[in-house]
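Biologist: Could you take me on a close look at one part of this protein, the parallel sheet and the pieces of chain that go with it? I am new to this, so please go step by step.

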Amino acid sequence: MGVHHALDDAGEMPHSGGQRAVAPIYPLDLAGRLRPAMLVLADGTEFLGYSFGYPGSVGGEVVFNTGMVGYPESLTDPSYEGQILVLTYPLIGNYGVPSSEKDEHGLPKYFEGDRIYVRALVVADYDNAAVTAHFRAENSLSAWMNTHKVPAIAGVDTRALTKHLREVGCMLGKIVVLSEEEERRSGLSLSALAALPSATAAEQRGEKDATVTPDKAEARLRVERRQAALTMWEEAIRNKAKNLPWEDPNKDNLVALVSRKEVRVYKSTVVDPNLRDVLILCVDCGMKYNIYRQLLHSKFEHCNIILKVVPWDFDFGNDEFDGLFISNGPGDPERCEKTVANIRRVMERKIPIFGICLGNQLLALAAGARTYKMKYGNRGMNQPVIDLRTSRCYITPQNHGFAVDESTLPRDFLPLFVNANDRSNEGIIHRTLPFFSAQFHPEASGGPTDTFYLFGDFIASIMKAQTLKQVHTTPFSFPQKFQKVLLLGSGGLSIGQAGEFDYSGSQAIKALKEQNIFVVVVNPNIATVQTSQHMADRVYFLPVTDEFVTKVIEKEMPDGILCTFGGQTALNCAVKLHEQGVLAKFGCKILGSPIEAIIATEDRKVFAAKLEEIGEKVAESAAATNTEEAVQAAKAIGYPVLIRAAFALGQPKKRPGSEDERRKGGARSTRAMRGDPEKAHTEWMQTETDEATKEAVDDREECEEGRGLGSGFAEDEETVRRICKEAFSHSSQVFVDKSLKGWKEVEYEVVRDCKNNCITVCNMENLDPLDAVIPSLSLFVQRCL
């Protein structure tokens with residue numbers, strides 16, 4: 001499952017193609033200030049840059065970290081032992097390096113280890129002349145790297161490098177820098193390079209001027225000399241790289257290199273003499289100092305913490321202690337056989353165990369599971385992790401290249417956390433015994449404090465070891481990934497009518513395209529934002545009806561359909577497609593509100609019953625399927641009443657002409673559709689445009705008298721019959737509601753997900769009779785809550 005490049009018998013790294021050099025992102029005039037350098041990957045790809053750290057060459061495994069800050073912590077993290085670290089954030093070194101001041105336990109306050117553990121550092125932008133003003137800065141990043149003799153190069157196109165590593169996987173690489181002696185032998189000199197005049201921005205881009213003056217000719221000659229000098233540097237670096245051996249850190253037991261060599265005991269700084277002492281044995285596989293701080297500086301209920309920190313291969317299987325902590329660390333967990341054997345002995349004694357990062361993998365191996373090397377690992381500060389007990393998602397810092405194969409876990413262990421991005425395992429837990437672990441770093445404050453509770457759970461398992469209860473996790477399914485989605489628009493709209501559908505639909509298109517989803521829109525209205533150029537990937541100017549949309553679905557074969565951004569026109573269409581089995585036939589899933597919920601909200605009786613179930617009062621209403629039923633319902637409710645056509649909101653207005661004429665127009669469009677739906681929209685667009693220019697309706701009169709959409713207030717039977725005549729011309733049902741004229745109508749926009757998490761976006765106040773919507777300006781805050 002991972003990408004691992006092995007050396008051949010001759011000690012050479014196999015290439016997957018010819019050399020490909022990626023130019024540095026720094027301009028030529030900085031070449032004289034920083035020594036040219038190169039990162040060479042195992043597949044032959046080269047990245048050019050400039051050295052700002054220790055002027056040495058080194059090899060290792062090239063990995064990347066996506067964090068925006070925290071480079072001092074990352075560089076001193078023992079888990080990076082043997083690796084060349086690429087930082088994707090472009091501004092590195094801009095706040096310097098803090099002091100090496102130590103705390104009362106003799107641990108550095110601002111670092112995760114005693115030294116820099118990375119083999120080398122690769123960044124995009126570093127200004128060697130910058131002076132940091134950060135209040136904790138004691139040194140510059142460049143000087144710090146030189147002190148620890150760690151190479152570092154800048155000017156590398158880290159975006160291209162990261163994309164390459166994501167595609168092919170992490171691989172071995174070399175940082176190549178010429179020494180002063182090698183420069184002299186090659187006839188190169190940094191001071192001579194600096195002496196060459198710099199170029200203008202236009203000259204660096206290679207732009208040519210038709211009017212070549214003597215001054216411009218001389219300037220161009222200077223640029224050519226500098227480029228020629230840099231080419232000589234590149235060739236000399238490339239020749240050195242050929243003779244530089246590859247270094248594969250995965251062949252070594254990296255944990256043995258970073259683990260402490262002696263046993264040491266630490267006592268918590270938060271001590272209560274009235275509480276019992278709890279001894280935690282910590283296996284140091286490369287334990288970050290922030291884990292020490294979390295355990296020693298936190299106040300835990302009912303106990304005082306004492307840490308006994310031991311080397312990775314210490315024989316602790318029969319020692320006396322209250323709880324076992326297994327730390328993070330670098331490399332392949334399968335090389336820690338001694339640690340795994342000791343963990344098994346502790347498990348047999350049923351002593352509480354908590355592991356972090358590598359500790360998660362070692363606990364899994366001790367339980368009988370397997371681990372694997374990931375393609376490029378997870379290294380960063382914002383990895384989403386889901387707790388399978390609650391489905392809650394946490395933002396976590398991570399640094400690991402191996403993971404637990406949870407399919408190999410024994411039956412008495414459960415996955416505890418899962419990564420929401422790549423779905424890799426992020427923790428395990430025993431069903432009944434106090435053994436659990438996390439692949440991420442809860443002490444690194446990613447949330448920043450929302451996963452600190454894991455340390456509390458560990459201490460609680462020690463204090464209550466005799467009162468164990470069975471662990472249960474909830475079934476979790478990841479959202480289906482969609483490649484193509486069909487969005488139903490609102491259809492023909494009058495000016496000022498239902499513009500929120502166009503707005504919300506446009507935002508939906510943007511959100512879908514951000515997820516690289518191909519968006520198809522069906523909307524006959526050319527005067528909308530969502531049908532504008534560069535919005536959707538494909539637009540069909542066709543009626544939003546089941547007949548036309550079925551043809552589009554058959555041609556486009558979308559994975560999903562959105563019907564909640566086009567008013568009742570789109571809802572009505574989706575319901576018909578569902579009832580006809582079209583969506584099931586073509587495997588098109590309704591996204592957002594379930595179709596059952598849509599049908600229930602439009603069935604007045606079902607909707608009223610649902611509201612009564614939760615104790616909400618409902619205005620008296622009735623549904624009618626013909627005019628006589630509507631008249632009888634109005635009499636029973638009492639005038640005035642509100643008549644509303646079902647599935648009417650957002651419907652195009654009734655077009656002039658007889659029903660036969662309209663059917664003929666639809667038939668012409670249908671015949672065109674059968675040939676190619678992309679050609680069918682031309683006639684429909686012309687028809688809609690011509691009719692739109694003929695319509696001039698007073699909106700207020702429509703609302704009061706029931707014209708247009710077939711909805712309005714009725715004071716008597718005659719008005720009921722007039723409104724119903726209009727409504728039943730395009731709807732099979734009308735709703736007769738008790739009039740609430742004069743009432744304040746407050747509308748809440750609530751977003752709810754499938755886990756019943758609700759967010760109230762805003763509340764609004766509707767102004768009759770035009771249905772104008774404004775913020776609730778006329779209501780007191782107390783009445784809005």
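Modeller: Gladly; what follows is a walk through the sheet, then a helix that lies across it, then another helix and a few unusual spots in the loops. Please keep in mind that this is a predicted model.

Let's begin with the sheet. Strands of a sheet pair through backbone hydrogen bonds, and the pairing can be parallel or antiparallel. Here five strands form an open sheet with parallel pairing, and their order is β23-β22-β21-β24-β25. At the edges stand β23 (538-540) and β25 (589-590); each has a single partner strand, so one side of each is left without a neighbour in the sheet.

Now zoom in on one pair. Strand β21 (residues 484-488) runs parallel to strand β22 (residues 518-522), and five bridges link them. If you look for Val485, you will find Val519 of β22 opposite. Helix α14 (residues 546-556) lies across β21, β22 and β23, and runs at about 165° to β21.

Next, try helix α17 (residues 595-602), where Ile595, Ile598 and Glu602 are buried. These three cover an arc of only 60° around the axis, which puts them on the same side of α17. A general rule helps here: an α-helix has 3.6 residues a turn, so residues three or four places apart point the same way.

Finally, the loops. Most peptide bonds are trans, and most residues other than glycine have a negative phi. Against that background, look at the loop between β20 (435-438) and α12 (453-463), where Pro448 is found. The peptide bond joining Gly447 and Pro448 is cis, with omega about 5°. Ser445 has its place in the loop between β20 and α12 too, and its phi is positive, about 60°, although Ser445 is not a glycine. With 35% relative accessibility, Ser445 counts as partly exposed.

There is another cis bond to find, from Tyr639 to Pro640, with omega near -5°. Pro640 sits in the loop between α19 (627-637) and β27 (641-645).

One more stop is Lys149, in the loop between α2 (141-147) and β9 (152-154). Lys149 is a residue other than glycine with a positive phi, near 55°. Its relative accessible area is 58%, and Lys149 is therefore exposed, as the cut-off for that word is over 50%.

Terms used:
Residues numbered from 1 in each chain as written. Predicted model: local features only at pLDDT ≥ 70, side-chain atom pairs only at ≥ 80, totals over all residues. Heavy atoms only, no water. Buried < 20%, exposed > 50% of the residue type's maximum accessible area, 1.4 Å probe, protein only. Helix = DSSP H or I, 4+ residues; strand = E, 2+ residues; numbered from the N terminus. Arc of directions from axis to C-beta. Pairing = 2+ DSSP bridges. Contact = heavy atoms within 4.5 Å. Axes fitted to C-alpha atoms, helices over the stretch in contact; angles between N-to-C directions.
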